[in-house]
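Here's a quick tour for anyone opening this one for the first time. Have a look at the model, then read on.

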Amino acid sequence: MEYVRKPEWLRNKIYSEDSYGDVSRLIREKRLNTICTSGRCPNQSECWSRGTATLMILGEICTRACKFCNTITGRPNPPDPGEPQRVADTINQLNLKHAVITSVDRDDLPDYGARFWARTIRAIKQTNPNTTIEVLIPDFNGKTEFIDLIVDEKPNVIAHNLETVRRITPLVRTKAKYDTSLSVLKHIASRGYRAKTGIMLGLGETEEEILQLMDDALAHNCSILTIGQYMQPSKKHIQVVEYIHPDKFKEYKKIGLEKGFKFVESGPFVRSSYHAEKHV
């Protein structure tokens, strides 16, 4: 495939406020991981300068090897029993009003890490009773009994990403299935929660496929959608097929709201946790 050059308008502002260094130091001191760093998020400097970060639990090694994701893949270490409280303490020290938590996939664990997730949410609530919590969860292989362990801890928003359209899913996601992800969203909504999902553009999807994904998500009672541009994190990852112009992202936001989503965040730099506090 021919390399697609990044357009001039796809340049993000660099932030350098003191809070960026404060967040960076605290995360190192607490021996925590963030999807901001492991995923090479383009919004890291902005979010860290605002004193926010998306913390990633269950270690830094993922059992899956999706072709778009920069997170390390391999055989993970056992979960660190002290991590839930360190996460809670970090949120407290950052004085976060809204905390976003995600994780690597842990297909090596009998419950895929669900009980660890529950302990983490519990610790956050006990240490930060006034902080709202958003969780961006894996699919847990579609096992609703494990999803319910997280739902029962009552986070404020529960997200699970579809990532891309149906046709491209098996090309870029090593184990996750499109219909399994839809079933996860439907189960979240069935428990009375506002279900949220995110997708990336630029992998070769068509507009018709994007609109079908919107219809599929809405049919499974998903009410929040984030749409961003895929950016190749390294040469070993799948190449970008197309850079979508910001005007097209605005058009997709308008269409999504007209179709029935309660919230749509859409733009080249949008990621699932970007401005997540708006969705509570």
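Two residues are in contact when their heavy atoms come within 4.5 Å. By that yardstick, and leaving out residues up to four places away in sequence, Ala-176 touches Arg-64, Asp-139 and Thr-169. Keep in mind that this is a predicted model. The chain has 280 residues, and 55% of them are buried.

**The overall picture**

- Going along the chain, you'll find 10 helices and 10 strands.
- Take the contacts between residues at least 6 apart in sequence: 75% of those join residues at least 24 apart.

**Around Ala-176**

- Ala-176 sits in the loop between helix 7 (169–172) and helix 8.
- Is Ala-176 buried or exposed? Ala-176 is buried, with a relative accessible area of 8%, because the cut-off for buried is under 20%.
- Pro-138 is 38 residues away from Ala-176 along the chain, yet their C-alpha atoms are separated by 9.0 Å.
- Two of the residues that Ala-176 touches, Arg-64 and Asp-139, also turn up in a salt-bridge network, described further down.

**Helix 5 and what covers it**

- Helix 5 covers residues 114–127, which makes 14 residues.
- From first C-alpha to last, helix 5 reaches 20 Å, close to the 20 Å expected at 1.5 Å a residue.
- Which residues of helix 5 are buried? They are Ala-114, Phe-116, Trp-117, Ala-118, Thr-120, Ile-121, Ala-123 and Ile-124.
- An α-helix has 3.6 residues a turn, so residues three or four places apart point the same way.
- The cover over the buried residues of helix 5 includes three strands, namely strand 2 (54–57), strand 5 (98–103) and strand 6 (132–136). It also includes helix 4 (83–94) and helix 6.

**Helix 4 against helix 5**

- The axes of helix 4 and helix 5 come within 8 Å and cross at roughly 35 degrees. This crossing is right-handed.
- On the helix 4 side, the contact is made by Glu-83, Pro-84, Gln-85, Val-87, Ala-88, Asp-89, Ile-91 and Asn-92. Helix 5 brings Phe-116, Arg-119, Thr-120, Ala-123, Ile-124 and Thr-127.
- Sort the residues of this contact by class and you get 7 nonpolar, 4 polar and 3 charged.
- Phe-116, Thr-120, Ala-123 and Ile-124 of helix 5 take part in the contact with helix 4 and are among the buried residues of helix 5.

**Helix 9 against helix 10**

- Helix 9 (residues 207–219) and helix 10 (residues 246–259) have axes that come within 11 Å and cross at roughly 35 degrees. The crossing here is right-handed.
- Helix 9 brings Glu-207, Ile-210, Leu-211, Met-214, Asp-215 and Leu-218 to the contact, while helix 10 brings Lys-248, Glu-251, Tyr-252, Ile-255, Gly-256 and Lys-259.
- In this contact, 6 residues are nonpolar, 1 is polar and 5 are charged.
- Gln-212 lies in helix 9 too, and at 42% relative accessibility Gln-212 counts as partly exposed.
- The C-alpha atoms of Gln-212 and Arg-166 are separated by 9.0 Å, although the two residues are 46 residues apart along the chain.

**Salt bridges**

- How many salt bridges does the structure hold? There are 17.
- Side chains of opposite charge can pair when their charged atoms come close.
- Arg-64, Asp-105, Asp-107, Asp-139 and Lys-175 are linked in a network of salt bridges.
- Arg-106 pairs with Asp-108, their closest N and O atoms being 2.9 Å apart. Arg-106 is buried at 2% relative accessibility, whereas Asp-108 is partly exposed at 39%.
- Arg-191 has a salt bridge with Asp-148, at 2.8 Å from N to O. Asp-148 is in helix 6 (residues 144–151) and Arg-191 is in the loop between helix 8 (178–190) and strand 8 (195–201), and the pair links distant parts of the chain, 43 residues apart.
- Arg-191 also forms a salt bridge with Asp-152, where the closest N and O atoms are 2.9 Å apart. Asp-152 lies in the loop between helix 6 and strand 7 (157–159), so this pair ties together parts that are 39 residues apart in sequence.
- Arg-191 is partly exposed, with a relative accessible area of 33%, and Asp-152 is partly exposed as well, at 43%.

Definitions and conventions:
Residues are numbered from 1 along each chain as its sequence is written. This is a predicted model: local features need pLDDT of at least 70, side-chain atom pairs count only at pLDDT 80 or more; totals for chains, interfaces and linings use all residues. Side-chain values use heavy atoms; hydrogens and water are left out. Axes are lines fitted to C-alpha atoms, for helices over the stretch in contact, and angles run from 0 to 180 degrees between N-to-C directions. Helices (H or I, at least four residues) and strands (E, at least two) are DSSP runs, numbered from the N terminus. A crossing is left-handed if the near helix is turned anticlockwise from the far one by less than a right angle, and right-handed if clockwise. Ala, Val, Leu, Ile, Met, Phe, Trp, Tyr, Cys and Pro count as nonpolar, Asp, Glu, Lys and Arg as charged, and the others, Gly among them, as polar. A salt bridge is a side-chain nitrogen of Lys or Arg within 4 Å of a carboxyl oxygen of Asp or Glu. Buried means under 20% relative accessible area, exposed over 50%, partly exposed in between (1.4 Å probe, protein chains only). The expected span of a helix is 1.5 Å times one less than its number of residues.
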